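Reader: I have a new chain on my screen and would like to talk it through with you. Could you take my questions one at a time?

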Amino acid sequence: MDRTDDNGAADNGRRIAKPRATPPRLERAGAAERDPDLSVCGTCTAKFVQPIDWSLVGREHWRVTLRCPNCGWEGTGVFAQETVDRFDRELDRGTRELSKTLRRVTRACMEAELEQFVQALESDLILPSDF
Ligand SMILES: [Zn+2]
């Protein structure tokens with residue numbers, strides 16, 4: 001049976017991290033605060049953080065709401081154009097990697113199905129009455 005936590009999130013046996021109000025990376029001092037890697041989750045360190053909302057603040061900053069699909073963390077922060085540009089390039093790189101993997105898996109599945117079809121034809125398992 002599923003339960004829900006205080007935030008209404010379902011607990012189906014997996015531990016769900018409670019979202020934090022501010023990105024943890026902003027709480028740290030030093031270079032990471034000034035130029036954080038937005039693709040890395042400050043809670044679980046997974047490199048899957050995605051933007052879910054963004055708006056321009058002034059001329060060179062963006063208010064970006066981020067979400068980690070691995071642990072459920074969400075947070076909003078204001079980041080410099082340079083940081084957001086680097087995040088955008090990382091998202092593009094991830095998209096290309098996913099597309100490449102999708103093409104490879106699709107091709108492997110089609111090859112497996114084709115091989116099975118050929119074997120069925122060679123074994124006379126497919127007859128005109130099948131069509
Ligand atoms: Zn996370």
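Reader: Of the contacts with a separation of 6 or more, what percentage comes from residues 24 or more positions apart?

Author: Happy to start there, and please keep in mind that this is a predicted model. The chain has 131 residues, of which 13% count as buried. Among the contacts in the chain with a separation of 6 or more, the share from residues 24 or more positions apart is 36%.

Reader: In what pattern do the helices and strands follow each other along the sequence?

Author: The chain holds 3 helices and 5 strands. Reading along the sequence, you meet them in the pattern β-β-α-α-β-β-β-α.

Reader: Which strands form the open sheet, and in what order?

Author: Let's build it pair by pair. Strand β3, residues 50-57, runs antiparallel to β4 and is joined to it by 7 bridges. Strand β5, residues 74-80, also runs antiparallel to β4, again with 7 bridges. The 3 strands thus make an open sheet with antiparallel pairing, in the order β3-β4-β5.

Reader: Which strands are the edges of that sheet?

Author: From one strand to the next, the sheet twists by 20° on average. An edge strand here pairs on one side only, and that description fits β3 and β5.

Reader: Which residue in the turn between β3 and β4 has a positive phi?

Author: Good spot to look at. β3 and β4 form a hairpin with 3 residues between them. The hairpin of β4 and β5 has 6 residues between its strands, and there Gly-72 takes a positive phi near 90°. In the turn between β3 and β4, a positive phi of about 70° belongs to Gly-58.

Reader: Which side chains of β4 point to the buried face?

Author: In a regular strand the side chains alternate between the two faces of the sheet. β4 covers residues 61-67, and on one of its faces His-61, Arg-63, Thr-65 and Arg-67 are not buried. The side chains that point to the other face and are buried are Trp-62, Val-64 and Leu-66.

Reader: What are the partners of those residues in the neighbouring strands, starting with Leu-66?

Author: Leu-66 is the bridge partner of Pro-51. Opposite Trp-62 stands Leu-56. For Val-64, the bridge partner in β5 is Gly-77.

Reader: How many residues of the largest nonpolar core come from β4?

Author: In soluble globular proteins, nonpolar side chains tend to be buried together. Here the largest nonpolar core has 11 residues, including Leu-38, Cys-41, Trp-62, Val-64, Leu-66, Trp-73, Phe-79 and Phe-87. β4 gives the largest share of this core, and its count is 3.

Reader: Which residues does Phe-79 touch, leaving out those up to four places away in sequence?

Author: Phe-79 is itself one of the residues of the largest nonpolar core. Beyond four places in sequence, Phe-79 touches Leu-38, His-61, Trp-62, Val-64 and Val-84.

Reader: Is Gln-50 buried, exposed or partly exposed?

Author: Gln-50 lies in strand β3 and touches Arg-67 and Pro-69, not counting residues up to four places away in sequence. Val-40 is 10 residues away in sequence, with a C-alpha to C-alpha distance of 9.3 Å. Buried would take 20 or more other C-beta atoms within 10 Å, and exposed would take 12 or fewer. Gln-50 has 14, so this residue is partly exposed.

Reader: How far apart are the end C-alpha atoms of α3?

Author: Helix α3, residues 81-122, lies across β4 and β5 and runs at about 120° to β5. The helix is hardly covered, with 1 buried residue among its 42. At 1.5 Å a residue, α3 should span 62 Å, which agrees with the distance between its end C-alpha atoms, 61 Å.

Reader: Which residue with a positive phi follows α3?

Author: There are two residues to compare here. Thr-45, in the loop between α2 and β3, has a positive phi of about 65° although it is not a glycine, and with 10 C-beta neighbours inside 10 Å Thr-45 counts as exposed. The residue in the segment after α3 has 7 such neighbours and so counts as exposed. With a positive phi near 55°, the residue that follows α3 is Asp-124.

Notes: Residues numbered from 1 in each chain as written. Predicted model: local features only at pLDDT ≥ 70, side-chain atom pairs only at ≥ 80, totals over all residues. Helix = DSSP H or I, 4+ residues; strand = E, 2+ residues; numbered from the N terminus. Pairing = 2+ DSSP bridges. Core = buried A, V, L, I, M, F, W, Y, C linked by C-beta atoms within 7 Å. Contact = placed C-beta atoms within 7 Å. Axes fitted to C-alpha atoms, helices over the stretch in contact; angles between N-to-C directions. Expected span 1.5 Å × (residues − 1).
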